Amino acid sequence: MDQEKMIAGIRTFLEGIGAQFENGHLDETPERVARAWAGELLAGYRTDPAEALTWTPARDGGGPVLVRDIPLASVCVHHLLPFVGVAHVAYLPGTRLAGLSKIGRVVEALARRLQIQERLTEQIAATLDQVLEPHGVLVLLEAEHTCMTLRGARMQNSRLSTLAGRGSLENDPAARGEILQLLGRTP
Ligand code: ZN
C-alpha cells in the first residue's frame with residue numbers, strides 16, 4: 001500500500017471540502033487517516049486467508065462445527081463507509097478440523113478490505129471449502145451498513161443478512177435448515 005499517495009489524496013480531499021478547523025486539529029489528519037486505513041481498516045490485504053486457516057487431521061464424519069458471533073468490521077467499496085456486524089460460520093467436517101480462532105482469522109483477513117457483503121460471504125465460504133474440504137459449509141453474515149443508516153435512505157437499525165453455502169449445506173435443504181436452526185435462525 002502506498003501511504004504517501006493516500007496522504008496526498010486525503011489532503012486533496014480535505015482541500016476539496018474547503019475544510020478549516022481551529023487550533024491545528026486538521027494538520028496531521030491526512031497522515032492519521034492514511035495510517036488508520038492502511039494499518040487497520042484495510043489490514044486484511046496483508047493476510048492470505050487460506051494460509052491463515054490451519055487445520056488438524058480428524059476422523060471423517062464428525063458432527064457439525066459452529067462458530068457464532070464472530071465480530072465483523074469491513075468497508076463498503078461503493079461509499080468507503082464501514083459496515084459492522086457478526087459472522088456465523090458452520091461446517092460439516094471431513095478429515096480436517098480448523099482451529100476455532102483460525103475461522104475468525106479468515107473472517108478478519110477477508111473483511112478488512114474494500115468489500116461488498118455478498119461477496120465477502122461467498123469468499124469466506126469458498127476459503128473454508130477449499131482448505132478444509134468439508135462435506136458442507138454455511139456462512140451467515142448480519143451487518144449494519146453505515147452507507148445505508150447515515151445516508152439518504154436513513155434505514156436506522158436495519159441489518160443486511162447474507163448467506164452462502166457449499167456442499168450439502170448448499171444443496172440439501174434439510175441439512176441447511178438444521179444448521180440455521182442451531183444458529184437460532186428459522187430456515
Ligand atoms: Zn455502500
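**Talking through a predicted model**

Reader: Is Leu110 buried or exposed?
Author: This is a predicted model, and here Leu110 comes out at 5% relative accessibility. The cut-off for buried is under 20%. Because 5% falls under that cut-off, Leu110 counts as buried.

Reader: In which helix is Leu110 found?
Author: Look at residues 100-111, which make up one helix with 12 residues. Leu110 is found there, in α4.

Reader: Leaving aside neighbours within four places in sequence, which residues is Leu110 in contact with?
Author: Ile124 is a good one to start from: it is 14 residues from Leu110 along the chain, with 7.2 Å between the two C-alpha atoms. Ile124 is on the contact list, once neighbours within four places are left aside. The full list is Pro49, Gln115, Leu120, Gln123, Ile124 and Thr127.

Reader: Which residues of α4 are buried?
Author: We already have Leu110, which is buried at 5% relative accessibility. Leu110 has company in α4, and the buried residues there are Ile103, Val106, Val107, Ala109, Leu110 and Ala111.

Reader: And what covers the buried residues of α4?
Author: The cover includes both helices and strands. Among the strands are β2 (65-76), β3 (82-92), β4 (96-98) and β5 (114-115). The helices in the cover include α3 (49-52) and α5 (117-132).

Reader: How far does α4 reach from its first C-alpha to its last?
Author: Helix α4 has 12 residues, and at 1.5 Å a residue the expected reach is 16 Å. The model comes close to that, with a reach of 17 Å.

Reader: Does Leu41 count as buried or partly exposed?
Author: Leu41 has its place in helix α2, and its relative accessibility is 31%. Partly exposed runs between 20% and 50%. Because 31% falls in that range, Leu41 counts as partly exposed.

Reader: What is Leu41 in contact with, leaving aside its neighbours within four places in sequence?
Author: Pro82 is 41 residues from Leu41 along the chain, and their C-alpha atoms are 8.8 Å apart. The contacts of Leu41, with neighbours within four places left aside, are Ala36, Val75, Arg112 and Arg113.

Reader: Which element gives the largest share of the lining of the largest pocket?
Author: The largest pocket has a volume of about 370 Å³. Two elements give two or more residues to its lining, α1 (3-17) and α2 (29-41). The largest share is four residues, and that comes from α1.

Reader: How many residues of the lining of the largest pocket are nonpolar?
Author: The lining is Met6, Gly9, Ile10, Phe13, Val33, Trp37, Leu42, Tyr45, Leu80 and Leu114. Gly counts as polar, and the lining has one polar residue and no charged ones. The nonpolar count is nine.

Reader: Is Arg166 buried or exposed?
Author: Arg166 lies in strand β7 (residues 160-167). Among the residues it touches, not counting those up to four places away in sequence, are Glu122, Asp129 and His135. Because its relative accessible area is 18%, under the 20% cut-off, Arg166 is buried.

Reader: Zooming out, what distance separates the centres of domain 1 and domain 2?
Author: The protein chain has eight helices and seven strands, and its C-alpha trace spans about 65 × 35 × 20 Å along the principal axes. The chain is divided into domain 1 (3-41) and domain 2 (50-182). Taken over C-alpha atoms, the separation of the two centres is 33 Å.

Terms used. Residues numbered from 1 in each chain as written. Predicted model: local features only at pLDDT ≥ 70, side-chain atom pairs only at ≥ 80, totals over all residues. Heavy atoms only, no water. 1 Å grid on protein atoms, 1.4 Å probe; cavity = no way out; pocket = protein on both sides within 12 Å on 5 of 7 lines; lining within 4 Å. Points joined across faces, edges and corners; volume = space filled by probe spheres on them. Buried < 20%, exposed > 50% of the residue type's maximum accessible area, 1.4 Å probe, protein only. Contact = heavy atoms within 4.5 Å. Expected span 1.5 Å × (residues − 1). Domains from an automatic or database assignment.
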